[in-house]
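Reader: I have a structure in front of me and would like to learn how to read it, feature by feature. Could you take me through it slowly?

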Amino acid sequence: MAKRDYYEVLGAKKGASAEELKKAYRTKAKELHPDRNSDNPNAEAQFKEVNEAYDVLKDADKKAAYDRYGHAAFEGGMGGGGGARGGFGGGQGDFSSAFSDVFEDLFGDFMGRGGGGGGRSRAQRGSDLRYNLRVTLEEAFAGVPKTINVPTSVACDACRGTGAEGGSEPTTCPTCSGMGKVRAQQGFFTVERTCPTCNGAGQIVKNPCKSCHGHGRTEKERALSVNIPAGVETGTRIRLAGEGEAGLRGGPTGDLYIFIEVKEHPIFQRDGAHLFCRVPISFATAALGGEVEVPTIDGGKARVKVPAGSQTGKQMRLRAKGMPALRGGGVGDMLLELAVETPVNLTARQKELLREFEELSEDNNPEGRSFFSKVKGFWDGMKS
Ligand SMILES: [Zn+2]
Ligand SMILES: [Zn+2]
């Protein structure tokens, strides 16, 4: 399908000025706006065509390229051609970018402001950074200020990010006239390749900055103070807006995301806001009842009453002795699970007492009695 001439699409004469093009574009876009053309099935396609044409012609670099090469200037992925203004944002059917320029004021948020991204401008937002931070459970409980060292690339101080030494400005590459690509005729074919002079940047730095070797950015470690709030969990993400990598050519800085990992604790296991702790108790305490002292996450102690006759697996709850919730909303509990310890390394005297105890306890061990009567029934059943 042959592409129509961009000037023709806009209804403007060849070589029209920026002002004339803008006027022509406004007229066409209003005429073809989808809101007014629900009965015209071609309107949307035409509207896109108009936007594509204007997206090119409003841009001085792209217009120059189009005037010179026609549509061929944008074939074969112009995307990376630095000199020709970043990606060829609104080119293929995505008509939001040129649209938002001129028509935001007229039609409000019709397009949901879709085209706001980096596509049409040379400025480029810096990357987001991720920083993994390990904290202890105690730190997660109380919250903690941390200083982290973030390696990041920042605009070079010496050249203010231009990459050129001593205040000189980068100049348009003479080989490719800023296009970043050169074309050569080889037999029947026109071959396009990255400009060898500027390596596709479209600009050359005659006198590269000594600090950054012409890159315009340098690696730096920055110390950042962060308050880790109480209640963080493994997987919690903390966003520090504007603390990521520097943008390119004056673009906004990216964000820094701190990913929290809470280390395992030797005593407490965590389940959301609740803590879980297994408490060993002696066989005598389990039988007779008593009190045990358990640690709490704030570094303190709590005394817990163990009822007489407690079995392994018995659970008890200490209210509000767990973790704080990250976004307000109270404090979790601590769940204790008792584990009765069988005594080991017995002395002769202890053995003697236990044997005596065993003889006396045959009659008052209801669990055991009921278990063994079931077993007897089971064996009797097998015989018959
Ligand atoms: Zn520099
Ligand atoms: Zn070049």
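**Reading strands, metal sites and loops**

Author: Let us begin with a pair of strands, keeping in mind that this is a predicted model. Strand 8 (residues 237-240) is joined to strand 9 by four bridges, and the two run antiparallel. Within this pairing, Leu240 stands opposite Leu256 in strand 9, while Ile238 stands opposite Ile258 in strand 9.

Reader: In what sense do strand 1 and strand 9 pair, parallel or antiparallel?

Author: Strand 1 (residues 129-135) and strand 9 pair in the parallel sense, over seven bridges, and one of the bridge partners to look for is Tyr257 in strand 9, which belongs to Arg130.

Reader: In what order do the three strands of this open sheet lie, and which strands stand at the edges?

Author: The order is 1-9-8, in an open sheet whose pairing is mixed. Strand 1 and strand 8 stand at the edges with a single partner strand each, so that one side of each has no neighbour in the sheet. From one strand to the next, the twist averages 25°.

Reader: Is strand 9 largely enclosed or not, and why?

Author: To judge this, one counts buried residues, where buried means under 20% relative accessible area. In strand 9 (residues 256-262), five of the seven residues are buried, and the strand is therefore largely enclosed by the rest of the structure.

Reader: Which strands form the open sheet of four strands?

Author: That open sheet has the order 10-11-15-14, and its pairing is mixed. Its edges are strand 10 (269-271) and strand 14 (315-318), each of which has a single partner strand, so one side of each is left without a neighbour in the sheet. On average, neighbouring strands in this sheet are turned by 30° against each other, with direction ignored. Strand 10 pairs with strand 11 (residues 274-282) in the antiparallel sense over three bridges, and there the bridge partner of Gln269 is Phe276 in strand 11.

Reader: Now to the metals: which residues are the protein donors of the zinc ion (ligand 1)?

Author: A metal site is read by its donor atoms, then by their angles, and then by where the donors sit in the chain. For the zinc ion (ligand 1), the protein donors are the SG atoms of Cys156, Cys159, Cys209 and Cys212, lying 2.3 Å from it. The four donor atoms subtend angles of 103 to 117° around this ion, and the arrangement is tetrahedral because of these angles. Along the sequence, the donor residues are spaced C-x2-C-x49-C-x2-C. Cys156, in the loop between strand 2 (144-155) and strand 3 (171-172), and Cys209, in the loop between strand 6 (203-204) and strand 7 (217-228), are 53 residues apart, and this pair links distant parts of the chain. Both Cys156 and Cys209 are buried, and Cys212 counts as buried too, because its relative accessibility is 2%.

Reader: What are the donors and the spacing for the zinc ion (ligand 2)?

Author: Here the protein donors are the SG atoms of Cys173, Cys176, Cys195 and Cys198, lying 2.2 to 2.3 Å from the zinc ion (ligand 2). The angles among the four donor atoms are 102 to 114°, and the site is tetrahedral. The spacing along the chain is C-x2-C-x18-C-x2-C. Cys173 is in the loop between strand 3 and strand 4 (181-186), and Cys195 is in the loop between strand 5 (189-194) and strand 6, so this pair ties together parts 22 residues apart in sequence. As for burial, Cys173 has a relative accessible area of 1% and is therefore buried, Cys195 is buried at 0%, and Cys198 counts as buried at 7% relative accessibility.

Reader: With these cysteines in view, how many disulfides does the structure hold?

Author: The structure holds zero disulfides.

Reader: What is the phi of Ser177, and where does this residue lie?

Author: Ser177 is not a glycine, yet its phi is positive, about 55°. Ser177 lies in the loop between strand 3 and strand 4, and with a relative accessible area of 44% Ser177 is partly exposed. Ala320 likewise has a positive phi, near 60°, in a residue other than glycine. The loop that holds Ala320 runs between strand 14 and strand 15 (334-341), and Ala320 counts as partly exposed at 48% relative accessibility.

Notes. Residues numbered from 1 in each chain as written. Chains lettered and ligands numbered in written order. Predicted model: local features only at pLDDT ≥ 70, side-chain atom pairs only at ≥ 80, totals over all residues. Heavy atoms only, no water. Disulfide = S-S within 2.5 Å. Buried < 20%, exposed > 50% of the residue type's maximum accessible area, 1.4 Å probe, protein only. Donors = N, O, S within 2.8 Å, 3.2 Å for Na, K, Ca; no water. Tetrahedral: all angles 85-135°; square planar, octahedral: opposite > 155°, others 65-115°. Pairing = 2+ DSSP bridges. Axes fitted to C-alpha atoms, helices over the stretch in contact; angles between N-to-C directions.
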